[in-house]
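Trainee: Could we go through this structure together, with the reason behind each term that you use?
Mentor: Yes, let us look at it and take the terms in turn.

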Amino acid sequence: MFRKKFHGSWLLNTGEAFQAIDDAVSPFIDGVFILVGTPATISSTGVLFEFPAGDTHPSTHNYILKDRTHDICREPICGGEAFETGIGIHASAGITFDLDAIRADEGNNWNHFSARVGRDSCSCGENRVNNYVILSATDHVLAVYRRDFLPNEAEGVLLPINEDAKFLTLATGAFENDICCDHGVFANAKLITVKDNQADDEDEDDDDKEED
Ligand SMILES: [Ca+2]
């Protein structure tokens, strides 16, 4: 489900909405989910998140994409700006990363999640998405970023992460149960180090491995 390759059709949920990812496939991805109902399971340990009912939909379109949005032929465009890297999520779906696996692989020398969060230019008029960045412990949610976006809108997000956070979830909800052109984008998504409350030290030890 997490690919650069274009699948090109609707993906209806079958079975469990949350699909845990085997470590042999990727130790950094805890799981993926289609947001078919609320509250929704967002981690392999059973963390539940109460999405608004309007965020749900029986399907998503295409995979969750590395370095592409669902305007598939181009590099990630977020809020009208082009990026080399990013994660594209078509509503209604999400992906959860295993922060302890990233710590074990790369060390724990980062303390924030950073991204340009928004939409590409695909438009079905006033149809909005809700984009989320959710931090969780093994059994409860710790912190949530949420904003709704129209096409071509975006904003910078900087979310502190402490040792209690075991999972990082990126999700795009339908907002009003309509997913036409609901292309959520998390451009330049990274785990970075912020010192003295300044975002001027972007450690290169980012989460690119999450995107493999
Ligand atoms: Ca929508």
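Mentor: Two residues are in contact if their C-beta atoms, placed from the backbone, lie within 7 Å. Among contacts in the protein chain between residues at least 6 apart in sequence, 72% join residues at least 24 apart. Please keep in mind that this is a predicted model, in which local features need pLDDT of at least 70 and side-chain atom pairs count only at pLDDT 80 or more, while totals for chains, interfaces and linings use all residues. Residues are numbered from 1 along each chain as its sequence is written.

Trainee: What makes a stretch of the protein chain a helix or a strand?
Mentor: Both are DSSP runs, numbered from the N terminus: a helix is a run of H or I with at least four residues, and a strand is a run of E with at least two. By that rule the protein chain has one helix and 17 strands.

Trainee: Why is Cys181 called buried, and why is Thr193 called partly exposed?
Mentor: A residue is buried if 20 or more other C-beta atoms lie within 10 Å of its own, exposed if 12 or fewer, and partly exposed in between, with C-beta atoms placed from the backbone. Cys181 has 20 other C-beta atoms within 10 Å, so it is buried. Thr193 has 16 within 10 Å, and therefore it is partly exposed. In the protein chain of 212 residues, buried residues make up 45%.

Trainee: Why is strand β17 described as largely enclosed by the rest of the structure?
Mentor: Strand β17 covers residues 183–192, and nine of its 10 residues are buried, so the rest of the structure largely encloses it. Thr193 belongs to the segment after β17, and its C-alpha is 5.2 Å from that of Asn111, although the two are 82 residues apart in sequence.

Trainee: How do you know that β17 pairs with strand β12?
Mentor: Two strands pair if DSSP finds at least two bridges between them. Strand β12 (residues 112–119) and β17 share seven bridges in the antiparallel sense, so they meet that cut-off. His112 stands opposite Ile192 in β17. Strand β10 (residues 86–90) also pairs with β17 in the antiparallel sense, over five bridges, and there Gly88 stands opposite Val185.

Trainee: What makes β2 and β14 edge strands?
Mentor: They belong to an open sheet of six strands with antiparallel pairing, in the order β2-β3-β11-β16-β13-β14. Strands β2 (18–20) and β14 (141–149) each pair on one side only, and they are the edge strands. From one strand to the next, the twist averages 15°. Eight bridges join β14 to strand β13 (residues 129–136), and the two run antiparallel.

Trainee: What is unusual about Phe175 and Cys181, and which peptide bonds are cis?
Mentor: Most residues other than glycine have a negative phi, and most peptide bonds are trans. Phe175 is not a glycine, yet its phi is positive, about 75°, and Cys181, likewise not a glycine, has a positive phi of about 60°. Phe175 is found in the loop between β16 and β17, where Cys181 also lies. Phe175 is buried, because it has 21 other C-beta atoms within 10 Å. As for cis bonds, one runs from Thr38 to Pro39, with omega near 0°, and another joins Ala91 and Ser92, with omega about 0°.

Notes. Axes are lines fitted to C-alpha atoms, for helices over the stretch in contact, and angles run from 0 to 180 degrees between N-to-C directions.
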